[in-house]
Amino acid sequence: MNAFIKNMLVVARRDFLAIVATPTFLLFLLAPLFMVGMGLVGGMGASQLADSARGAGRIVAVADAADVEALRAADTRLRAAMPREPALLELRVASPANRDSLMIAREKGSDTYAVLSGPLASPRIVEREPGSSSGRYLALLAGEVLRARAAGPLPPVTPTYENLSSGGTSIAAQQSLGFGAVFAIFLLTLLLAGQTVSSLAEEKGNKVIEILAAAVPLESVFLGKLLGFLGVAVLFIAFWMVMAVGGGLVAMTQMDPAAIAAAGGASKAAATLTAAPAVGWPFFLGIGFAYFVMSFLLLGAVFLGVGAQAATVREIQMLSLPITIFQVGMFSLCAASASAPGSNLATFAQIFPFSSPLAMAARAATDDAIGVHLLALGWQAIWVALVIFLSVRLFRAGVLSGRSDWRFWRRAGRAAAAAAQVTSLDRH
């Protein structure tokens, strides 16, 4: 085995065991449980707010006793066909007590969006907001009753529904899959790659890094550390995938098939499975994992190089904000490109090295080309090697030399001072 690869694997194993074989790794492994718990708490609060608000909004129709049942039947027919379900319809029989529409609209205890009163041929509609959908729905309701009366009883319609057996996945569904891939890679990278920032701080403090640098090439040290952290990330993902699959199997054994069928769960699951990325599920999942690895290595190499320049924990904490802003910026760029495949923005995101893994994962959902992904992986691997090379040079020049500033910065400063002095002499 090549000595460079052997040294790299030794460093990777050392860092991997130093992280995994500690009690704190269990807290890191179970960290998503706290996130899920907080999400459940927030979801319960939102559900309670939604339950308390549900039914508070209404629309009111004040009509003659002969029109009440016709309005109720028309509301039943129209409500099922509306793209957005209107507010609850409250029907009242016209009487002296219900004559004032403004008073009905201002009643306490519920939000009244619109009130219809008067004859159906020329109703009076009081709206909370001008041109609202509630007011238009009440007008449509009155017109439906008049049309039904003018046409007389109609025979019932008995349509025959057929499912689209083959027709491919819609563009919107594929773009949603692309955005899901972008979000999953971004979230995992955000959770797992940021820890590389502080990996060299302790070793710089106790001079371990100098011993490693004297024993093996620094390139092997940096690559080994990246591979060690990648192993931790893969272990983290594998653990939670096993937990998710096991939990899903247990949940399936506890569910009643008849209840699932009655609720339409089987049809929804079948519809979800029919939504497939353009390259197919096996290749999409495989290339998605490969792009996660490349995204982790790219950002991890940058964070490792930046964190290697930090001398104290305070400097590492100050670096956390720009690092997070950089990651969020890459996510925003790729999320925007996922909704506009083939655009100039998407092309830029696929070429720019630090957003390329996320953007190419989104492209796999909408484009069936396969060879381009191999080129993208090679392009990203080149940038991983380039970033590690630059990080090693900066670390060797700025830290191992014992100087507080980097050599090329001092040379640049001297050159700038000399240029300023020459310009000053020319002026005089």
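Modeller: A residue is termed buried at under 20% relative accessible area, exposed at over 50%, and partly exposed in between, using a 1.4 Å probe and protein chains only.

Colleague: On what kind of model are such values computed, and how are residues numbered?

Modeller: This is a predicted model, in which local features need pLDDT of at least 70 and side-chain atom pairs pLDDT 80 or more, while totals for chains, interfaces and linings use all residues. Numbering runs from 1 along each chain as its sequence is written, and side-chain values rest on heavy atoms, without hydrogens or water.

Colleague: Why is Glu144 called buried?

Modeller: Its relative accessibility is 18%, which falls under the limit for that class, and Glu144 therefore counts as buried.

Colleague: What makes Glu144 and Arg147 a salt bridge?

Modeller: The term requires a side-chain nitrogen of Lys or Arg within 4 Å of a carboxyl oxygen of Asp or Glu. The closest N and O atoms of Glu144 and Arg147 are 3.6 Å apart, so the pair satisfies the criterion. Both residues lie in helix α6 (residues 133-151), three residues apart, or about one turn of the helix. In general, an α-helix has 3.6 residues a turn, so residues three or four places apart point the same way. Arg147, at a relative accessible area of 48%, is partly exposed. Elsewhere, salt bridges with shared partners join Arg58, Glu90, Arg92 and Glu107 into one network.

Colleague: How many salt bridges does the structure hold?

Modeller: There are 14 salt bridges in the structure.

Colleague: What does the salt bridge between Glu107 and Arg58 tie together?

Modeller: The closest N and O atoms of Glu107 and Arg58 are 2.7 Å apart. Glu107 lies in the loop between α5 (101-105) and β3, whereas Arg58 belongs to strand β1 (residues 57-63), so the pair ties together parts that are 49 residues apart in sequence. Glu107 is partly exposed, with a relative accessible area of 29%, and Arg58 is buried at 8% relative accessibility.

Colleague: What are the values for Glu90 and Arg92, and which class does each residue receive?

Modeller: The closest N and O atoms of Glu90 and Arg92 are 2.8 Å apart, and the two form a salt bridge. Glu90 counts as partly exposed at 26% relative accessibility; Arg92, with a relative accessible area of 16%, is buried.

Colleague: How are the helices and strands identified, and how many are there?

Modeller: They are DSSP runs numbered from the N terminus: helices are H or I over at least four residues, strands E over at least two. The chain has 18 helices and four strands.

Colleague: Why do β3 and β4 count as paired?

Modeller: Two strands pair if DSSP finds at least two bridges between them. Strand β3 (residues 111-117) and strand β4 (residues 124-127) have four bridges, in the antiparallel sense, so the condition is met. Val115 has Val126 of β4 as its bridge partner. The two strands form a hairpin with six residues between them, and Gly118 in the turn has a positive phi of about 90°.

Colleague: What makes a set of residues a nonpolar core, and which residues have the most contacts inside the largest one?

Modeller: Such a core joins buried Ala, Val, Leu, Ile, Met, Phe, Trp, Tyr and Cys residues through side-chain atoms within 4.5 Å. The largest has 64 residues, and those with the most contacts inside it are Phe222, Tyr291, Phe292 and Phe296. Helices that each supply at least two residues include α2 (23-29), α10 (218-254) and α17 (371-400). The greatest contribution, 14 residues, comes from α13. Apart from this core lies another of 16 residues, among them Ala61, Leu78, Leu89 and Ala114.

Colleague: How do you know that α16 is largely enclosed by the rest of the structure?

Modeller: Nine of its eleven residues are buried, so helix α16 is largely enclosed. Among them are Ser356, Pro357, Met360 and Ala365. For the chain of 428 residues, 34% count as buried.

Colleague: Why is Asp75 called buried, and which residues does it touch?

Modeller: Asp75, in helix α4 (residues 65-81), has 11% relative accessibility and therefore counts as buried. A contact means heavy atoms within 4.5 Å. Leaving aside neighbours within four places in sequence, Asp75 is in contact with Leu89, Tyr137 and Leu141. Asp67 is also found in helix α4 and counts as buried at 11% relative accessibility. With the same neighbours left aside, Asp67 is in contact with Leu120 and Arg149.
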